[in-house]
Amino acid sequence: MTTDAPSRPEHAHAHAPVEPPRPPWFGGRAPARPTPAAAFHSVSAATAVLLALVAIGAVIHEPVLIPPLAASAALVHAAPTLPLAQPRSVVVGHLLGAAAGYAALAAAGSSAWAAAVAAGATLALTTLARTPHSAGCATAVVIVLQTPEAARFVPLLFGSTVLLVLTGYAGSRIRRTSPRYPAYWW
C-alpha cells in the first residue's frame, strides 16, 4: 500500500511545536476595499481635522500641522480599530516622542544621527508603555531636526492629538456602519 504522504512515526506529531492561531490579515492578503461611502467618510473626516489644525495655526500664528499628525489622522480615520490608532497610543505616543526628541536634542544637538536615535528611543518607550504609535517616532525626528521651542510646541502637540481623538470619536458616530472609535480609551 502506497501513500503520497511521507511516512512518520505515530508519536512524531506529539512533540511538534504548536503554532499559535494566525490573525486574519496574516495570510498575505490585503484588507477588503472599503465601500465608496466609507472611503469618502474616512478621507473627508481626516481632511477636515487636518484643515482645522491649519486654521488653528493661522489664528494663533503658529504652525500646528506637522507631518506626524497627518499620519495620526490617517490611522484614526482609516484604521480606527488598530492599536496604533487608539487614544492612549495617539496622545501618549506623541508625548513620548516629544520627550525623546527633546532629550536627544539636549544630549546631542540637532543632527540626523540624533534624530534617528530619538526615533529609536521613542519606539522603545512606546513599546514599554504599551502605546504603539509610529507617528510618535516621527514627532521625535521633527523635534530634533526643527528644534521647536518646547514651551510652545508641546501644548500644541497635546491639543492637536486630543482634537484628532475627538474627531475620530465624533466621526465614528456620524456614520452608523463605521467601526466605533475608539476600541478602548485607556
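At 1% relative accessibility, T161 counts as buried, where buried means under 20% relative accessible area, exposed over 50% and partly exposed in between, with a 1.4 Å probe and protein chains only. This is a predicted model, in which local features need pLDDT of at least 70 and side-chain atom pairs count only at pLDDT 80 or more, while totals for chains, interfaces and linings use all residues. Residues are numbered from 1 along each chain as its sequence is written, and side-chain values use heavy atoms, with hydrogens and water left out.

**Overall build**

- The protein has 6 helices and 0 strands, these elements being DSSP runs numbered from the N terminus, with H or I over at least four residues for helices and E over at least two for strands.
- Read from the N terminus on, the order of the elements is α-α-α-α-α-α.
- Of the 186 residues in the protein, 35% are buried.
- Among contacts between residues at least 6 apart in sequence, 73% join residues at least 24 apart, a contact being heavy atoms within 4.5 Å.

**Two buried threonines**

- T161 is placed in helix α6, and, leaving aside its neighbours within four places in sequence, T161 is in contact with L69, V90, V91 and H94.
- T161 and H94 are 67 residues apart in sequence, yet the distance between them in space is 7.7 Å, C-alpha to C-alpha.
- T122, which belongs to helix α4, is also buried, because its relative accessible area is 0%.
- When neighbours within four places in sequence are left aside, the residues in contact with T122 are G93, L96, G97, A100, G136, C137 and A140.

**Helices α2, α3 and α4**

- The 12 residues of α2 should span 16 Å at 1.5 Å a residue, and its end C-alpha atoms are indeed 16 Å apart, which agrees; the expected span of a helix is 1.5 Å times one less than its number of residues.
- In α2, the buried residues are P68, L69, S72, A73, L75, V76 and H77, and the buried residues of this helix pack against α1, α3, α5 and α6.
- For the 22 residues of helix α3 (residues 87-108), the same 1.5 Å a residue gives a span of 32 Å, and the end C-alpha atoms of α3 are 31 Å apart, which agrees.
- After α3 comes G109, whose phi is positive, near 80°.
- Helices α3 and α4 (residues 112-128) pack at an angle of about 140° with their axes 8 Å apart, where axes are lines fitted to C-alpha atoms, for helices over the stretch in contact, and angles run from 0 to 180 degrees between N-to-C directions.
- On the α3 side this contact is made by G93, L96, G97, A100, G101, A104 and A108, and on the α4 side by A114, A118, A121, T122, L125 and T126.
- The two helices α3 and α4 are therefore oblique to each other, since angles under 35 degrees count as roughly parallel, over 145 as roughly antiparallel, 65 to 115 as roughly perpendicular and the rest as oblique.
- The crossing of α3 and α4 is right-handed, which is the name used if the near helix is turned clockwise from the far one by less than a right angle, whereas an anticlockwise turn is left-handed.

**The salt bridge**

- A search of the whole structure finds 1 salt bridge, the term standing for a side-chain nitrogen of Lys or Arg within 4 Å of a carboxyl oxygen of Asp or Glu.
- R152 forms a salt bridge with E62, and their closest N and O atoms are 2.8 Å apart.
- This pair links distant parts of the chain, with R152 in helix α6 (residues 150-174) and E62 in the loop between α1 (36-60) and α2 (67-78), 90 residues apart.
- R152 counts as partly exposed because its relative accessible area is 45%.

**Backbone details**

- Most residues other than glycine have a negative phi, and most peptide bonds are trans.
- H61, in the loop between α1 and α2, has a positive phi, near 60°, and is exposed, with a relative accessible area of 69%.
- T147, in the loop between α5 (134-146) and α6, has a positive phi near 50°, and at 41% relative accessibility T147 counts as partly exposed.
- The peptide bond from Y181 to P182 is cis, with omega near 0°, and P182 lies in the segment after α6.
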